[in-house]
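Q: Please take a close look at one part of this protein and describe how its helices pack against one another. Keep to the geometry, the residues in contact and their burial.

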Amino acid sequence: MRGARSVKQLLEHSKRSFIAAIDTYNRIGSVCRVEGFAYYITNAWELMLKARMIQLTGDPQFIYSKRVRGDRQETKTIDECIQYVFQNEIDPVRKNVEWISELRNQAVHYMISELESIYISYFQSCALNYTKCLYDWFEIDLNNEYDFPILSLFTLAKDKVISIKALKGKYDKSIIDFVIDQ
């Protein structure tokens, strides 16, 4: 297959980002676990989607956009990759990856640790969807490469009720609006 080497390289980096996402989230005492997970899992998806695009088109150049930064051509954004691979706008996997990607985009400004109990179900779905797509598209079973009993996502934030009233004294209005949207 044309582009097989590019696909292999993208998938290797994608798998490393996936493992970094799980490791970051599960690291005891990690102060940026939600932000780190969102960043790494989005990167893992973007790389896997680019590999899928090359696989579908047979063209390693297909992942590049028309934009040029300095003297190098940029690759397509994750949003462009999602739209190409998941053409059904209501596909639950697409919606999950888009949600995590948007969370990553917002993380710099609005990462609220009190929302972790909401994020965990999206994170778990995203991790499961990733491993399923990796297997379905590329016949790669991560269970053959890693000892997954230690890589499960968990949180001790069980059924935490998020009190907007309590958060109002802690955060400004724009963050409270973000919390309400979540």
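A: The protein has seven helices and two strands. The model is a predicted one. Along the sequence these elements follow the pattern α-α-β-β-α-α-α-α-α. Of the 182 residues in the protein, 44% are buried. Among contacts in the protein with a separation of 6 or more, 68% are between residues 24 or more positions apart.

The part taken here is helix 1 and its packing partners. Two packed helices are described by the angle between their axes and the distance between the axes. For helix 1 (residues 4-26) and helix 2, the angle is about 160° and the axes are 8 Å apart. An angle over 145 degrees counts as roughly antiparallel, and that makes helix 1 roughly antiparallel to helix 2. Their crossing is left-handed. Sorted by class, the residues in the contact of helix 1 with helix 2 are 17 nonpolar, eight polar and two charged.

Several residues show this contact in detail. S17 belongs to helix 1. With a relative accessible area of 10%, S17 is buried, because the cut-off for a buried residue is under 20%. Apart from neighbours within four places in sequence, S17 is in contact with Y40, N43, A44 and L47.

One of these partners, N43, is located in helix 2. N43 has a relative accessibility of 23% and counts as partly exposed. Its C-alpha atom is 8.0 Å from that of F18, and N43 and F18 are 25 residues apart along the chain.

T42 is also in helix 2, which spans residues 33-57. The C-alpha atoms of S17 and T42 are separated by 8.5 Å, with their positions 25 residues apart along the chain. T42 is buried, at a relative accessible area of 3%. Once its neighbours within four places in sequence are set aside, T42 has contacts with I78, I100, S101 and R104.

The contact of T42 with I78 leads to helix 3. Helix 3 covers residues 78-85, and in it I78, C81, I82 and V85 are buried. Viewed down the axis of helix 3, the buried residues fall within an arc of 100°, so they line one face of the helix.

Helix 1 has a further partner in helix 5. The axes of helix 1 and helix 5 (residues 116-138) cross at roughly 155° and come within 12 Å. With that angle, helix 1 and helix 5 are therefore roughly antiparallel to each other. The crossing of helix 1 and helix 5 is left-handed. On the helix 1 side, the residues that meet helix 5 are V7, L11, S14, K15, F18, I22 and Y25. On the helix 5 side, they are E116, I120, F123, A127, Y130, T131, L134 and F138. By class, the contact of helix 1 with helix 5 has eleven nonpolar, two polar and two charged residues.

F18 appears twice in this description. Its C-alpha atom is 8.0 Å from that of N43, and F18 is among the helix 1 residues that meet helix 5.

To put the two pairings side by side: helix 1 and helix 2 pack at about 160° with axes 8 Å apart, while the axes of helix 1 and helix 5 cross at roughly 155° and come within 12 Å.

Notes
Residues numbered from 1 in each chain as written. Predicted model: local features only at pLDDT ≥ 70, side-chain atom pairs only at ≥ 80, totals over all residues. Heavy atoms only, no water. Buried < 20%, exposed > 50% of the residue type's maximum accessible area, 1.4 Å probe, protein only. Helix = DSSP H or I, 4+ residues; strand = E, 2+ residues; numbered from the N terminus. Arc of directions from axis to C-beta. Contact = heavy atoms within 4.5 Å. Axes fitted to C-alpha atoms, helices over the stretch in contact; angles between N-to-C directions. Parallel < 35°, antiparallel > 145°, perpendicular 65-115°, else oblique. Left-handed = near helix turned anticlockwise from the far one by under 90°. Nonpolar A, V, L, I, M, F, W, Y, C, P; charged D, E, K, R; others polar.
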